[in-house]
Amino acid sequence: MTGRVTRAAVSAAAAGSSVLAIAVVPAGATAQAPTELVMVLTDQTFSVSPGGAWHVVFDVLGDAAVLRAAPTAQTTTTSATTAPGGDAAAGPPVDATAGAVGTVVISAGRPVETRAQLAAVLDGQRPAAADRIEIPLAPVLTSGATTTITLDVPTSDEIGATGALTMRQPGLYPIDVAVVVGDAIVAEHNTFVERLDTDPPTSTATGAGPMNVAIVAATADPGPAADASAIAAGRRDVAAIAALAEAVDGPITVAIPPTLLDGIGSEDPALADALRTTLVGDEVLALPADEMDPSSLAAIDEQATFTRNLVAGEESLAAALPVRPTRESAWMAPEAISTPAATMLRNLGFRSLVLAPEFYEELDGAIGGYFDRTLALEVDLGDGSTLPAKVPDVSGGLLDPAVIDDERSTVDAAVEIAASLVTTRRELGPELDRSAVLMAPDGVVPDAGVASTLARFVSALPDFALAPLSALPAATDTMVVGSSGPVVVTLPDSAGPDLSDRRDPIELARIVCESTGSMIVGDDTQLTAWRRQLDTLLSTGLTDDEFTAGLEQLGTETDAVRANVEMPRPFTFTLTGRSSPLRLNLWNRGLDTLRVVVVPSSPKLRFPEGAKEVDLAPDSVTEVVIPVEARSNGTAPVEIRIVTPEFGQDVGEPIVLTARVNALTGLGQVVTGAAVLVLVSWWYGHFRRRRRTRLAALNGNGASPAAVLSTVSPDAAEVAALRLFDPDDPSGPLPRPGEETAADSLADP
C-alpha cells in the first residue's frame, strides 16, 4: 500500500499493484519532477474516536537534502502531539513557521463501504477527497539518509472545523499523506483510518458478539528422516514462531511439528528457553510425532497407529513447551482430507477442520467464491453427523514475510488486513457471529511485525477480538444459502498418499518385533522403541526407499537379539528305563536375560511337561532338563524348537536329536508278573503245610486247636505274608523252605 513519489510508481499502482495512490496535490504544487524519495509507514493508529488525533510515523528514504533546505513561509496551523498509538484532542495553535521546510498535506477520501470499493482503492483508483489538512513540516533527521516524520493529526466530526481533518461519519477512510516542498510533491503515502462510532453498538443490540480473529502460525514438518540441514531450517522457523509469540500482545495459535523439538533442550538451549517463555498463554495444536496424513492411515485401517503417534506427539510437545497441546481446537488440512479421516479426527476429540481454499472449492456442495469466509461450513461425516470447518481469510496472505518490501512495510500490511476485516463485517452485517482465520501460505511463519501491529489494531476495535483457534467453533455462525440451508460439503472417500503397499510388511514386522521383544526379561525399552519405529514407518513423510531401509533396520535389530541364543549341536542320548531326563545346554551370549520356550517333539517319546519356558541368564550357559517317557524300544528322532514366548516364532533353526530306548517291552512285563504269581502260590502252599504240621503236634500234646489259633491272629498272618514279598521290610523276609526263625524254634516242642 505504499507509493513512491515518482509518477512511474503511481502509474504502476494504477496498473494493478497494491500501492494506494490518492495523490491529492495541494494548492500551489506543480507537476514538475519530484525528488526521488520513499515514505515508509513505520507506525500509525488504525482507529480513532470522534474528535481524536490520528498518530502516524514515516521514514523518508533517499537524499532528503530538500527537506533540510531553508525554511519557507508557512501559515499557522493547529497540531496535536500524542504518544504513539494514543488519541488526543487538538491542542492550542502553534507557530510552525520557524524551522519549517515544507508542508505535509493529509487528505481523507470518502469512506469505503464494500469489499469491491476497497479492492478498487487498493488497485489505485483515487476516491474523491472529503477533506484535507495542511501541517508545517519540521522533520527530525535520525541517521544518514533516513528522515523521520511524526504527525499527530487532529480530526473532527464537524464540518468546517479549523485545523482538523473532518470525518463526519463512522467508517473506513482512505488517507493520502503528501510532503510538499516549494511547489513540488517530493514524497507521498497512502493508508486507511477507521473512524469509530460515537456510541458503538453493544453485542446485545446487534445480536452477535465481537468478530474473533485467530492468528495461526505453522511450519512444515521435515519428516522423520530429515537430515541435519532440514532440522536446522525447521528450527529457524520455530525461532520465528517464538519471536512472533513474543511480539504479539494476545493469544495466537501455533502448530509446531514434534520432530523439530526432539533434543532441542541440549542442542539449542537458548531456543528451548525462548519457547518456554514466549508461548505462555498461547495455544498449541496437537500433532502426531511423525508427519502423518490421517486420510492415508484411515484408508489402510491403521487408526490405532495414528492414535498412538498422536499421543506420542502430544507428549513431546508437552515436554518442550509451557502449555499442553490441545485437540479441542482444529485439525489443519492444507491438502485433501477424506471422510473416514475426518470421522477419525472427530472421534479423537478434534472440534473442527481448517480447509485449504483450493481444496474447499473442489468439494461437492462448495459455493466457490461466494462463500463467506467469516462464517463456518459443515462437513458431512456420512453417519448423520457433521463437523464444523473454516476456510482461512484471503487477507492472511499479507502475513507472508515475502510481501514486505520497499513498496509495503509491515504496518502497511497490517493496515490492509484490518481494512479488509472491518469492511467485510460492515458489508455483510454485524448480526451474525463471525470470525477470521489468518495464516500465511502453507509452511510459512507469519511476519512478527505484521502480526503484532495487526493485534494492536484489533484490540483497539470495539467489535473485534484476538482469540485462539479453539474459540472459533462455538462463536461462529454457519453460512446459510437462502432456503437451501447451511453450507454442507462432502469430502472424498479417500485422499492422501497410498500406503497400501506398506500394510502387509508392517504387519509381519510387527509380529517379529512383538515376539522378539517378549524374549527380553524385565525391560521393555527395546520393544517400545521397535513399536515406535513401526509407527514411524507409516509416516507419509517417508519415501518408499526410506521405508524399505527402515524395515531392514528393524530386521537386523531383531535378528541380533535372537542370534544371542545358541543351541547345542545334535547329539544322541539313551533311555534305559521307561522315563529319563533329557538335558540341554542353551547359551545366551547377550547382555540381557532372555526368556524362551523349549518345545520338544518325537513320534516314539512322550514329554509329560510339554513345552517348557526357560529364562537364560546373560552371557552364560543354562541347563534345561526335560522329562521324557519312552513308548517303545528302539531309535527315535527328537526335534527341539526354541521359540518366543509371544506368537511362538522360531528363535533359531530347530535341532534334531537321536534317542535310543532300552526300556521293558509289554511282553516282558507279562512274563515277570506270571513268575511272581507262581512264587506266591508256592509259598502259600508251604505255609499251610507247616501250620497243619504244628497243629497236629500240639494236639498230640493235649493242647486245643482254639488255643493254638488264638496265638496267631489274622493280622499277624497277613504281615507275615507281606514280609515274604517285601525284601525292604526291616524285619526281613520269611524264611525260605528249610529255614527256621527264632520264633519257629521256640514254638517247636
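**Exercise 1. Locate Ile417 in this predicted model, state whether Ile417 is buried or exposed, and list what Ile417 touches beyond its sequence neighbours.**

Step 1. Ile417 has its place in helix H11, which covers residues 410-428.

Step 2. The relative accessibility of Ile417 is 0%, and because buried means under 20% relative accessible area, Ile417 counts as buried.

Step 3. Once neighbours within four places in sequence are set aside, the contacts of Ile417 are Ser395, Leu398, Leu399, Leu438, Val450 and Leu454. For one of these partners, Leu398, the separation is 19 residues in sequence, while the C-alpha to C-alpha distance from Ile417 is 7.1 Å.

**Exercise 2. Describe the largest nonpolar core, and say which element contributes the largest share of this core.**

Step 1. The largest nonpolar core holds 88 residues, of which Ile106, Ile175 and Phe192 touch the most other members.

Step 2. The largest share of this core comes from H11, with nine residues. Another core, of 87 residues, lies apart from it and has Met292, Leu387, Val596 and Val628 among its members.

Step 3. Taking Ile106 as an example, and leaving aside neighbours within four places in sequence, one finds contacts that include Trp54, Ile133, Ile135, Leu151, Val153, Leu165, Ile175 and Val177; the contacts of Ile106 also include Asp131, Arg132 and Asp176.

Step 4. As general background, nonpolar side chains in soluble globular proteins tend to be buried together.

**Exercise 3. Work out the order of strands in the five-stranded open sheet, identify the edge strands, and say which helix packs on the sheet.**

Step 1. The strand order is S2-S10-S9-S4-S5, with mixed pairing.

Step 2. Strand S2 (47-48) and strand S5 (129-137) are the edge strands, since each pairs on one side only.

Step 3. Strand S4, residues 102-109, is joined to S5 by eight bridges in the antiparallel sense, and Val104 stands opposite Ile135 in S5.

Step 4. H11 packs on this sheet and touches strand S9 (171-181) and strand S10 (184-195), its direction making about 40 degrees with that of S10.

Step 5. S9, S10 and H11 are also included in what covers the buried residues of H2. In helix H2, which spans residues 115-122, the buried residues are Leu118, Ala120, Val121 and Leu122, and just after H2 the backbone of Gly124 takes a positive phi of about 105 degrees.

**Exercise 4. Classify the aromatic pair of Trp331 and Phe350, and explain why the pair ties together separate parts of the chain.**

Step 1. The model contains five aromatic pairs. In the pair of Trp331 and Phe350, the ring centres are 5.6 Å apart and the planes stand at 85 degrees, so the pair is edge-to-face, because planes over 60 degrees apart count as such.

Step 2. Trp331 lies in strand S14 (residues 331-333), whereas Phe350 lies in the loop between helix H9 (339-347) and strand S15 (353-355), so the pair ties together parts that are 19 residues apart in sequence.

Step 3. Trp331 is buried at a relative accessible area of 8%, and Phe350 is buried at 2%.

Step 4. A second pair, Tyr360 with Phe371, is tilted, at 5.1 Å centre to centre and 45 degrees between the planes. Tyr360 belongs to helix H10 (residues 357-361) and Phe371 to the loop between H10 and strand S16 (377-380), 11 residues apart; both Tyr360 and Phe371 are buried.

Step 5. Ring pairs also link Phe306, Trp331 and Phe350 into a cluster.

**Exercise 5. Determine the order of strands in the four-stranded open sheet, and explain why its edge strands lack a neighbour on one side.**

Step 1. The order is S21-S23-S27-S25, and the pairing is antiparallel.

Step 2. Strand S21 (565-566) and strand S25 (605-606) stand at the edges with a single partner strand each, so one side of each is left without a neighbour in the sheet.

Step 3. S25 is joined by two bridges to strand S27 (residues 620-630), and the two run antiparallel; the bridge partner of Leu605 is Ala630 in S27.

Terms used
Residues are numbered from 1 along each chain as its sequence is written. This is a predicted model: local features need pLDDT of at least 70, side-chain atom pairs count only at pLDDT 80 or more; totals for chains, interfaces and linings use all residues. Side-chain values use heavy atoms; hydrogens and water are left out. Buried means under 20% relative accessible area, exposed over 50%, partly exposed in between (1.4 Å probe, protein chains only). Contact means heavy atoms within 4.5 Å. A nonpolar core is a set of buried Ala, Val, Leu, Ile, Met, Phe, Trp, Tyr and Cys residues joined through side-chain atoms within 4.5 Å. Rings of Phe, Tyr and Trp (its six-membered ring) pair if their centres lie within 6.5 Å; planes under 30 degrees apart count as stacked, over 60 as edge-to-face and the rest as tilted. Two strands pair if DSSP finds at least two bridges between them. Axes are lines fitted to C-alpha atoms, for helices over the stretch in contact, and angles run from 0 to 180 degrees between N-to-C directions.
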